[in-house]
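Please walk through this structure with the sequence and the 3D view side by side. Take it one element at a time.

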Amino acid sequence: MTKTIKFVMVKPKTTLDYSTYITSTVEELCQVSNLDSKDESVALTDYRWNFSLTSKRNSKTYNLSFAIDTFKDEQLTVKLEETNPISDFDEELHQVKVILKNNLLNDWQKCIWLDDHQSEFFSRKLTPEIYRVENQLRQFINMVMVSNFGVTWWDDFVPYELKMKHQARLRHFRRGVPSFANVDDRLLSIDTDELMEVMKIQIKRWNPTFDPAVVVLLEKGDKEKGAKDKLAEIIKNQFEVVDDLWITVFKNYFNESFENLWNDFYINRNHLAHNKLIDLSAFTTFKDNIREVAEMITEANSKYEISAISPEKRAEMLEVIQLQEEKELMQDHLESLMEADTGITLLSDSAILSQLQEKVHGFISDIEDQLYFRSDLWTDSDVGLEPNEETEILTIHSNIKEDDKIIIKAFTEIDSGHGEESNVTLTLIRNEDGAEVFNCQIKVINGKAIYNDDSGLYEAENDSYMDDSELIHFSKSVIEEVNDLLPNLEQVYQSLKWDEIKDGGEPPVANFPCEECGEERVSINEELAEEGRCIACGHKHELTECIRCGCICNANDTVGDLCESCAEYIEKQ
């Protein structure tokens, strides 16, 4: 059975002599990938080339073909086939396709991927694990909610919008699977990201208080456009949170990193569900994320079994615990009247802090997304902003350069006075004792209204708004700083390898796999990394030189002062 990888290069950057170009491309590929090639192109066939590739390591064979066609633009179709495969995944073939694609992109404007059996294999491996872990969380949520709130928890506590989503899907589910039409499928029919919404439900109670603006709006009725919406908003503002399920229930079972891990899990799931390409690096990242989430859910189940919630605790969770001071009540009345007269929004301290935290969380997520496939880096983050306190919200670490890190700190200032500015200052620092490199501010200006004696109404001076104009440049600067302090060593390796092929000289990595991760990325060139350091996982090896052949080898694999090959040769003599 032949397994195929096929892609198309579109629109060359310069005019190419294709016969020479194809031959040199294959020669360069073989040098980098440790392959032998044989030209099997059919004579007199224009713009069609076929090569047989043989691995020098294990004698595996591959077919490589090129075809030039001209439609709107010239395009080069590349097909790489694994003949007589002995396993579902051939790592050498994976390396060959990536090297070939990267080399061709130097001369073509675009690469379009058409077929990749390795990506399909990764998807088939990951998809069952994704669904298994997803359903484990569904089961856990249902078990905890029934235990705490009874079998009617869905009807009693789930927000209206989420219920409507379930209702819209219910008919299709029961029509498509009639044998399960009479089961409770509510958690099964909501999206993966919505499971976190269920765990973060806030139970609210209406605390009606007299508000003169309500009287005015009721008198206007339908005569004024938007009066009903303003009335609904005033009533909504009188609701108070009596229970936050994440804080009082689910936080007892999961640590703070679970939400970020689950968000990554949701993104990875959608990546698979939409049949997007997956390479070995993404497969490893996805698999690690699935494992971490599964371990957390298993640990949560263990905690739940040990400590079931008592009836007393359940009653305490549902008890009203928040009372308003008279001064706060009058202030709420006044601000409601201002908002009703002007249509502006007046923000409280908590509302301002929430807006700033949401913006900072989006900034952190954007940075982590851009670094997601940098396997040499890892991050830890905390978006818990505190007024008038400096907190470390993001630290970017390297597996290779353990003493170097990028730190983002945030200092938050909150002032909910009308028309006043609140802000969070983000500061980038290189290493813990390093100086500030640069910073930016995210600002929230609160709304303000003034009283008009003539009309007897409040008039708007300005509405509440956020100014995050400095954040885009700051985000770009963070990535630039990461690439400067913690460069992508895989790219450095490819550059040094290319220089080796073109100009000769010593290879940048040793000719043995890392004893920790198995990748052939152990540095023997200080331009790449510390000698003996694996640039894929950061593991440090002790290197030694074979006294017979002079090769650099792993000291743990030597036989006396000889490498394994020389020791075997001498033993056979």
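Which residue of β11 is the bridge partner of T391? The bridge partner of T391 is A410. This is a predicted model, and that pair is a good place to enter it.

T391 lies in β10, which covers residues 390-398. β11 covers residues 405-413. The two strands run antiparallel and are joined by 7 bridges. Further along, L394 stands opposite I408 of β11. A hairpin of 6 residues carries the chain from β10 to β11.

Now turn to β9, which also pairs with β10. That pairing is antiparallel too, over 5 bridges. Here T379 has I396 of β10 as its bridge partner. How enclosed is β10? Of its 9 residues, 7 are buried, so the rest of the structure largely encloses this strand.

Step back to see the whole sheet. It is open and has 6 strands, in the order β9-β10-β11-β12-β13-β16, with antiparallel pairing. In general, strands of a sheet pair through backbone hydrogen bonds. The edge strands are β9 (377-381) and β16 (465-467), and each pairs on one side only. On average, neighbouring strands are turned by 15° against each other, direction ignored. Helix α14 (residues 349-370) packs on this sheet. It touches β9, β10, β11, β12 (421-430), β13 (436-445) and β16. The direction of α14 makes about 5° with that of β10.

A second sheet deserves the same treatment. It is also open, with 6 strands in the order β2-β3-β4-β5-β1-β6 and antiparallel pairing. β2 (35-39) and β6 (108-116) stand at its edges. Each has a single partner strand, so one side of each is left without a neighbour in the sheet. Neighbouring strands are turned by 20° against each other on average, direction ignored.

Within this sheet, look at β1 (residues 3-12) and β5 (residues 74-82). They run antiparallel, and 8 bridges join them. F7 has V78 of β5 as its bridge partner. Two helices lie across strands here. Helix α1 (residues 18-33) lies across β1, β2, β3 (48-55), β4 (61-70), β5 and β6, at about 10° to β3. Helix α3 lies across β1, β5 and β6, at about 55° to β6.

α3 leads on to the nonpolar cores. In soluble globular proteins, nonpolar side chains tend to be buried together. The largest nonpolar core has 47 residues. L137, M199, F250, F254 and F258 touch the most other members. At least two core residues come from each of α3 (117-149), α4 (153-157), α6 (192-199), α9 (245-248), α10 (258-273) and α11 (280-306). A second, separate core has 32 residues, including L347, I393, L426 and F474.

Return to M199. Which residues does it contact, leaving aside neighbours within four places in sequence? They are L137, I141, L245, W246, F250, F254 and F258.

M199 also takes part in the contact between α6 and α10. The two helix axes come within 8 Å and cross at roughly 155°. An angle over 145 degrees counts as roughly antiparallel, and the two helices are therefore roughly antiparallel to each other. α6 contributes T192, D193, L195, M196 and M199. α10 contributes F258, E259, W262, F265, Y266 and R269. The residues of this contact divide into 7 nonpolar, 1 polar and 3 charged.

How values were computed. Residues numbered from 1 in each chain as written. Predicted model: local features only at pLDDT ≥ 70, side-chain atom pairs only at ≥ 80, totals over all residues. Heavy atoms only, no water. Pairing = 2+ DSSP bridges. Helix = DSSP H or I, 4+ residues; strand = E, 2+ residues; numbered from the N terminus. Axes fitted to C-alpha atoms, helices over the stretch in contact; angles between N-to-C directions. Contact = heavy atoms within 4.5 Å. Core = buried A, V, L, I, M, F, W, Y, C linked by side-chain atoms within 4.5 Å. Buried < 20%, exposed > 50% of the residue type's maximum accessible area, 1.4 Å probe, protein only. Parallel < 35°, antiparallel > 145°, perpendicular 65-115°, else oblique. Nonpolar A, V, L, I, M, F, W, Y, C, P; charged D, E, K, R; others polar.
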